Amino acid sequence: MEFDVFTLLPEVFPPYLESSILQRAHQRGLIDVRIHNIRDWASDRHHVTDDVPYGGGGGMVMKPEPVFAAVESVLGAGPEACCPLILLTPQGRVFNQTIAYELSRQPRLALLCGRYEGIDERIREHLVTDEVSIGDYVLTGGELPALILIDAVSRLLPGVLGDPDGAFDDSHASGLLEYPHYTRPPEFRGWGVPEILLSGNHAQIDRWRREQSLARTQKRRPDLLEKAPLNEKDKQYLEKLN
Ligand code: ADE
């Protein structure tokens, strides 16, 4: 999958992208993340990319010309024809695992990171095709949200996680929170591991894990249970908990 990222802070991307799973995915040719510095398309001598807002008020606004020039030179003049152009902004639809799956089906995605107090509305109206927020809080820019989106989407691509079922049991993949995990040693500082996990009985382990997921979700995120696909056994278990 290909990503084109448009940003005024290109230096923040490589340290994360060149680590661990995403680096391996790149080496295996599964993802290619190209970072484009919007400032390179600012045509004036000082490479200015922001200006004061019309109508007054505080803060600076990202100018349209360098952003349009950057995007059109990399993606071509009609961004819809090439791939979605997603603006990272607290005003976008709130990112979740369903959106991560949806985006992972695209062969190419372009991400535009907002900075300053905002971006000229004409960028939003005439260039951007989608807007995504990573939650109801405000960051200083869209760079961390872009990395979060790239990470969440990339790990869903076949071959990126070592284990082919790696993303299957994830919290949120099934609409529920994930069950608890344990590894060796069987006893640590006097704390044991649930007996069932040492039993070798896989049917019972699967059932235990499902029940743990259900109980955890009910306790921590009861809102998720309203939408999660539950079978009769799940429902009976949840009723027993109440
Ligand atoms: N830029 C600033 N805050 C953001 C958020 N919560 N999500 C996406 N982009 C942002």
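Two strands are counted as paired if DSSP finds at least two bridges between them. The model described here is predicted. In this model, strand β4, residues 61-62, meets that condition with β7, to which two bridges join it. β4 and β7 run parallel. Within this pairing, V61 of the chain stands opposite G118 in β7.

The pairing belongs to a sheet of three strands. The sheet is open, and its strand order is β3-β4-β7. Its pairing is mixed. The edges are held by β3 (50-51) and β7 (118-119). Each edge strand has a single partner, so one side of each is left without a neighbour in the sheet.

On a wider scale, the chain is divided into domain 1, covering 2-154, and domain 2, covering 171-241. The C-alpha centres of domain 1 and domain 2 lie 37 Å apart. A pair of individual residues gives another distance across the chain. A203 and M62 are separated by 141 residues in sequence. In space, their C-alpha atoms are 57 Å apart. A203 is placed in helix α8, which spans residues 202-220. A203 has a relative accessible area of 59%. This value is over 50%, so A203 counts as exposed.

The ligand site comes next. The residues around the ligand are L88, T89, P90, V132, S133, I134, G135, Y137, V138, L139, G141 and P145. Backbone atoms of several of these residues approach nitrogen of the ligand. For I134, a backbone N or O atom lies 3.0 Å from a ligand nitrogen atom. For Y137, a polar backbone atom is 2.8 Å from a nitrogen atom of the ligand. For L139, the distance from a polar backbone atom to a ligand nitrogen atom is 3.0 Å.

A polar contact between side chains involves T7. T7 lies in strand β1, residues 2-7. Its relative accessible area is 0%, and T7 is therefore buried. The side chain of T7 makes a polar contact of 2.7 Å with the side chain of E143.

Aromatic rings were also examined. The count comes to one aromatic pair. F188 and W191 form this pair. Their ring centres are 5.9 Å apart, and the angle between the planes is 55°. The arrangement is tilted, because 55° is neither under 30 degrees nor over 60. F188 is partly exposed, with a relative accessible area of 44%. W191 is exposed, at 56%.

Cysteines complete the picture. The structure holds zero disulfides. C82 is in no disulfide. Its nearest cysteine sulfur belongs to C83 and is 3.3 Å away. A disulfide requires sulfur atoms within 2.5 Å, so the 3.3 Å distance does not qualify. C82 is partly exposed, with a relative accessible area of 26%. C113 is likewise in no disulfide. The nearest cysteine sulfur to C113, that of C83, is 14 Å away. C113 is buried, with a relative accessible area of 0%.

Note on methods: Residues numbered from 1 in each chain as written. Predicted model: local features only at pLDDT ≥ 70, side-chain atom pairs only at ≥ 80, totals over all residues. Heavy atoms only, no water. Helix = DSSP H or I, 4+ residues; strand = E, 2+ residues; numbered from the N terminus. Buried < 20%, exposed > 50% of the residue type's maximum accessible area, 1.4 Å probe, protein only. Domains from an automatic or database assignment. Phe/Tyr/Trp six-rings, centres within 6.5 Å; stacked < 30°, edge-to-face > 60°. Near = heavy atom within 4 Å. Polar contact = N/O pair within 3.5 Å; in protein donor to acceptor, adjacent residues only side chain to side chain.
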